[in-house]
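Biologist: I should like to be taken through a model feature by feature. Please give the general idea each time, and then the case at hand.

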Amino acid sequence: MYTQGLDQQPDDPSGPADDELAERFQARIDAEGRIEPKDWMPEGYRRTLIRQIAQHAHSEVVGMLPEGNWITRAPTLRRKAVLLAKVQDEGGHGMYLYSAAETLGVSRAEMIEQLLSGKAKYSSIFNYPALTWADMGAIGWLVDGAAIMNQIPLCRCSYGPYARAMVRVCKEESFHQRQGFEIMLTLCRGTSAQKNLAQDALNRWWWPVVMMFGPSDRDSIHSDQNMRWKIKRFSNDELRQKFIDATVPQAEFLGLSIPDPALRLDPASGHYHYGEPDWNEFREVIKGNGPCNRDRLAVRRKAHEDGRWVRDAAQAYANKRRAPATGQAA
Ligand SMILES: [Fe+2]
Ligand SMILES: [Fe+2]
């Protein structure tokens, strides 16, 4: 996922930085060059990226929870194997992204502490419940589909380690989207009860997914600097439009209807016109008042505590290997 919706507010890009270094930095970005960990960078650029990459990593890790709940209830062995692989991929995405953020001088322990204390944000979408098996289809098709729209441009992000991590992440997201769509297709070609399950999942997930792209650009005042730094390449509304244009024909193919009475194709522009999401709901979910926020964090905190012995053992082993060898026979 899963970053755009949280709309990073760039830190003050000015400061005591050397003007010449700043000019060279911007010239490199303008020429589509990459900024690497040891290169000079403005403090605001570094902080903005730490916040964005950490939020992205948290979203991948918390994003394992709604689907993780269904691994033991998958209807067939094949579905179980596919879902297991998908959820493991998301854990891997979190790990690459924590590593990418660490290259900017923040520790993984610090980032995880911020997630568990509730200080750091993650994508609003993962605070909604997965109520039926059809939700596994809707999440893959729509949530991962929206994530791809956000993440493809990040493969060209100016910060090298983030951009490179996104190349592999995007390949895996494409598999996630397809497995979700295939679940929906199977349900839609099944009994009417199965098709109803698919329609019900679409009804519940559509608006939260449309909101994943974040507030409208009309209300967003923070994107300009991130565009100049090439951390962000498209506005929230542009990405939302791309997603809707790509997804409506897929829903038609499935024979499902999108729960938006305002949705219609504008023949002049070739784009779909769509209704206004409930932004109050979005703000409440981001503030921690969504249907599952407390539960998601409680599960993460418990997992962190349950894993403490593994971290302690790994640390003890690393210390032992680092310690000078003593008592060796001559
Ligand atoms: Fe992912
Ligand atoms: Fe994914």
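The dialogue below treats the metal sites, the core, a helix pair and some individual residues.

Modeller: This is a predicted model, in which local features need pLDDT of at least 70 and side-chain atom pairs count only at pLDDT 80 or more, whereas totals for chains, interfaces and linings use all residues. Residues are numbered from 1 along each chain as its sequence is written, chains are lettered from A and ligands numbered from 1 in the order in which they are written, and side-chain values use heavy atoms, with hydrogens and water left out.

Biologist: Which residues coordinate the iron ion (ligand 1)?

Modeller: Donors are N, O and S atoms within 2.8 Å of the metal (3.2 Å for Na, K and Ca); water is not among the atoms, so sites may look incomplete. For the iron ion (ligand 1), the donors are Glu60 (OE), Glu90 (OE), His93 (ND1) and Glu173 (OE), at 2.0 to 2.2 Å. Along the sequence, these donor residues are spaced E-x29-E-x2-H-x79-E.

Biologist: Why is the arrangement around the iron ion (ligand 1) irregular?

Modeller: Four donors count as tetrahedral if all angles lie between 85 and 135 degrees; four count as square planar and six as octahedral if opposite donors are over 155 degrees apart and all others between 65 and 115; anything else is irregular. The four donor atoms here subtend angles of 87 to 145°, and the arrangement is therefore irregular.

Biologist: What coordinates the iron ion (ligand 2)?

Modeller: Its donors are Glu90 (OE), Asp144 (OD), Glu173 (OE) and His176 (ND1), at 1.9 to 2.2 Å. Their spacing along the chain is E-x53-D-x28-E-x2-H. The angles subtended by the four donor atoms run from 91 to 159°, which makes this arrangement irregular.

Biologist: How far apart are the iron ion (ligand 1) and the iron ion (ligand 2), and which residue coordinates both?

Modeller: The two ions lie 3.4 Å apart, bridged by glutamate 90. Glutamate 90 belongs to helix α4 (residues 77–102) and glutamate 173 to helix α7, so this pair ties together parts that are 83 residues apart in sequence. Helices (H or I, at least four residues) and strands (E, at least two) are DSSP runs, numbered from the N terminus.

Biologist: Are glutamate 90 and glutamate 173 buried or exposed?

Modeller: Buried means under 20% relative accessible area, exposed over 50%, and partly exposed in between (1.4 Å probe, protein chains only). Glutamate 90 and glutamate 173 are both buried. Aspartate 144 and histidine 176 are buried too.

Biologist: Which residues touch the most other members of the largest nonpolar core?

Modeller: In soluble globular proteins, nonpolar side chains tend to be buried together. A nonpolar core is a set of buried Ala, Val, Leu, Ile, Met, Phe, Trp, Tyr and Cys residues joined through side-chain atoms within 4.5 Å. The largest one has 81 residues, of which Tyr45 and Tyr159 touch the most other members. Helix α7 supplies the largest share of this core, eleven residues. Contact means heavy atoms within 4.5 Å. Beyond its neighbours within four places in sequence, tyrosine 45 has contacts that include Phe25, Ile29, Tyr159 and Trp229.

Biologist: At what angle do helix α12 and helix α13 pack?

Modeller: Axes are lines fitted to C-alpha atoms, for helices over the stretch in contact, and angles run from 0 to 180 degrees between N-to-C directions. Helix α12 (residues 293–306) and helix α13 (residues 308–322) pack at about 40°, their axes 4 Å apart. Angles under 35 degrees count as roughly parallel, over 145 as roughly antiparallel, 65 to 115 as roughly perpendicular and the rest as oblique. The two helices, α12 and α13, are therefore oblique to each other. Their meeting residues are His304, Glu305 and Asp306 in α12, and Arg308, Trp309 and Arg311 in α13.

Biologist: Where is glutamate 32 found?

Modeller: Glutamate 32 sits in the loop between α1 (19–30) and α2 (43–62). Its phi is near 65°, a positive value in a residue other than glycine. Glutamate 32 counts as partly exposed, at 40% relative accessibility. Lysine 230 likewise has a positive phi, near 55°, but counts as buried at 16% relative accessibility.

Biologist: What surrounds glycine 180 in helix α7?

Modeller: Glycine 180 lies in helix α7 and counts as buried, at 0% relative accessibility. Neighbours within four places in sequence aside, glycine 180 is in contact with Met136, Gly137, Gly140 and Trp141.
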